[in-house]
Amino acid sequence: MSTRHARPIIWLHWVTLIAVLSTVALALLREVIESHALRTDLLTVHRQLGLVILIGTVTRFLVRWRNPPKAHPSVTVTHRFAAMTHSLMYGLLLALPVIGVLATQAHGTTVTLFGAPILPTLIERNRDFSEQLVTWHSWGAWTLLAAIGLHAAAALWHHYVRRDDTLLQMLPPRRRGSTPMLTPDV
Ligand code: HEM
Ligand code: HEM
């Protein structure tokens, strides 16, 4: 019998995917735009979405902590590799926004969320260090994208090659029919 993930985990998972892809797209779009004003606006929205991802990831940890997934009956090397990829993605979803915030503050810019300055100054203005932080932020983002690619390929392999329920367990209920839950909904 197959099992499925808690509903909030499923929604947070797919909303995070959309948010991450949009955040990266905004950052890349800046590279090809000449207008300084538009570039600034795109970076502002990038920062907002990045902070929303941070809040979503912390929420996801709390939901997961209240609804721990059942341990798999047999733990193989593949399961360990999948767990490592999940941990890497979780780590980067936390680290990237934090590094982004520090890079922004070191640049001398106030971090706001929907117009409100939400954070105290964590780091003094230092343009050189800001550039260094942006380089780490960039490497982290590309590592996250590579991990997502690997992870998505594994999910599709489960679905189309192994033909098991791994992907269906992560889809909203109406797409899955009557697949029972992996953890109780909250
Ligand atoms: C921003 C992009 C993504 C991130 C950060 C991400 C992250 C994660 C994490 C951390 C888990 C573990 C769930 C948990 O135990 O809390 C997970 C599970 C899963 N993800 Fe993703 N994911 C992303 C995109 C995708 C995509 C594009 C697909 C499919 C094409 C996918 C399919 C799945 C499936 C099927 C599971 C369940 C795996 C299992 O039950 O062992 N994910 N994802
Ligand atoms: C998971 C969330 C985030 C992802 C995936 C992400 C991804 C990226 C990417 C791909 C770039 C372009 C790097 C390059 O040009 O090589 C970038 C740049 C940047 N991001 Fe983020 N970011 C995230 C969150 C944040 C947050 C929360 C902030 C600040 C509050 C932030 C601030 C910045 C800054 C200041 C830059 C440099 C822009 C420039 O000078 O060209 N990011 N980010």
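Biologist: Which helices do the buried residues of H4 pack against?

Modeller: They pack against H1 and H3. Before we go on, this is a predicted model, in which local features need pLDDT (the predictor's confidence in each residue, from 0 to 100) of at least 70, side-chain atom pairs count only at pLDDT 80 or more, and totals for chains, interfaces and linings use all residues. Residues are numbered from 1 along each chain as its sequence is written, while chains are lettered from A and ligands numbered from 1 in the order in which they are written.

Biologist: What makes a stretch of the chain a helix or a strand?

Modeller: Both are DSSP runs, numbered from the N terminus: helices are H or I over at least four residues, and strands are E over at least two. By that rule the protein chain has five helices and two strands, in the order α-α-α-β-β-α-α from the N terminus on.

Biologist: How do you know how confident the predictor is in this chain?

Modeller: The mean pLDDT is 91, and 91% of the residues reach 70 or more. Confidence peaks in H4, at 98, and is lowest in helix H5 (residues 173–176), with a mean of 62. Where pLDDT is low, the predicted coordinates should not be read in detail.

Biologist: Why is Leu-156 called exposed?

Modeller: A residue is exposed if 12 or fewer other C-beta atoms lie within 10 Å of its own, buried if 20 or more do, and partly exposed in between; the C-beta atoms are placed from the backbone. Leu-156, which lies in helix H4, has 12 other C-beta atoms within 10 Å, so it counts as exposed.

Biologist: And why is Leu-26, in helix H1, called partly exposed?

Modeller: Leu-26 has 19 C-beta neighbours inside 10 Å, a count between the two cut-offs, so it is partly exposed.

Biologist: How do you know which residues Leu-26 is in contact with?

Modeller: Two residues are in contact if their C-beta atoms, placed from the backbone, lie within 7 Å. Leaving aside neighbours within four places in sequence, Leu-26 is in contact with Leu-42, Val-45 and His-46. Leu-133, by contrast, is 107 residues away from Leu-26 in sequence and 19 Å away in space, C-alpha to C-alpha.

Biologist: Which residues of H4 are buried, and what does Leu-133 touch?

Modeller: The buried residues of H4 are Leu-133, His-137 and Ala-141. Not counting residues up to four places away in sequence, Leu-133 touches Ile-99, Leu-102, Ala-103 and Ala-106.

Biologist: What makes a group of residues a nonpolar core, and which residues make up the largest one here?

Modeller: The members must be buried Ala, Val, Leu, Ile, Met, Phe, Trp, Tyr or Cys residues, joined through C-beta atoms within 7 Å. The largest such core has 11 residues: Val-20, Leu-49, Ile-53, Leu-92, Leu-93, Leu-96, Ile-99, Ala-103, Ala-106, Leu-133 and Ala-141. Helices H2 (36–66), H3 (77–107) and H4 (127–162) each give two or more residues to this core. H3 gives the most, six residues. The buried residues of H3 are covered by elements including H2 and H4.

Biologist: How do you know that the reach of H4 is close to what is expected?

Modeller: The expected span is 1.5 Å times one less than the number of residues. H4 has 36 residues and reaches 51 Å from its first C-alpha to its last, close to the expected 52 Å. For H3, with 31 residues, the reach is 44 Å, close to the expected 45 Å.

Biologist: What makes a residue count as being around ligand 1?

Modeller: Its C-beta atom, placed from the backbone, must lie within 6 Å of the ligand. For ligand 1 that gives 21 residues, the closest being Val-20, His-86, Ala-152, Ala-155 and Met-170. Helix H1 (7–31), H3 and H4 each give two or more residues to this shell.

Biologist: What surrounds ligand 2, and how do its residues sort by class?

Modeller: Ligand 2 has 24 residues around it, and Ala-27, Gly-50, Gly-100, Ser-138 and Ala-141 come nearest. H3 supplies the largest share, seven residues. Ala, Val, Leu, Ile, Met, Phe, Trp, Tyr, Cys and Pro count as nonpolar, Asp, Glu, Lys and Arg as charged, and the others, Gly among them, as polar. Sorted this way, the shell has 15 nonpolar, seven polar and two charged residues. The shell around ligand 1 has 14 nonpolar, six polar and one charged.
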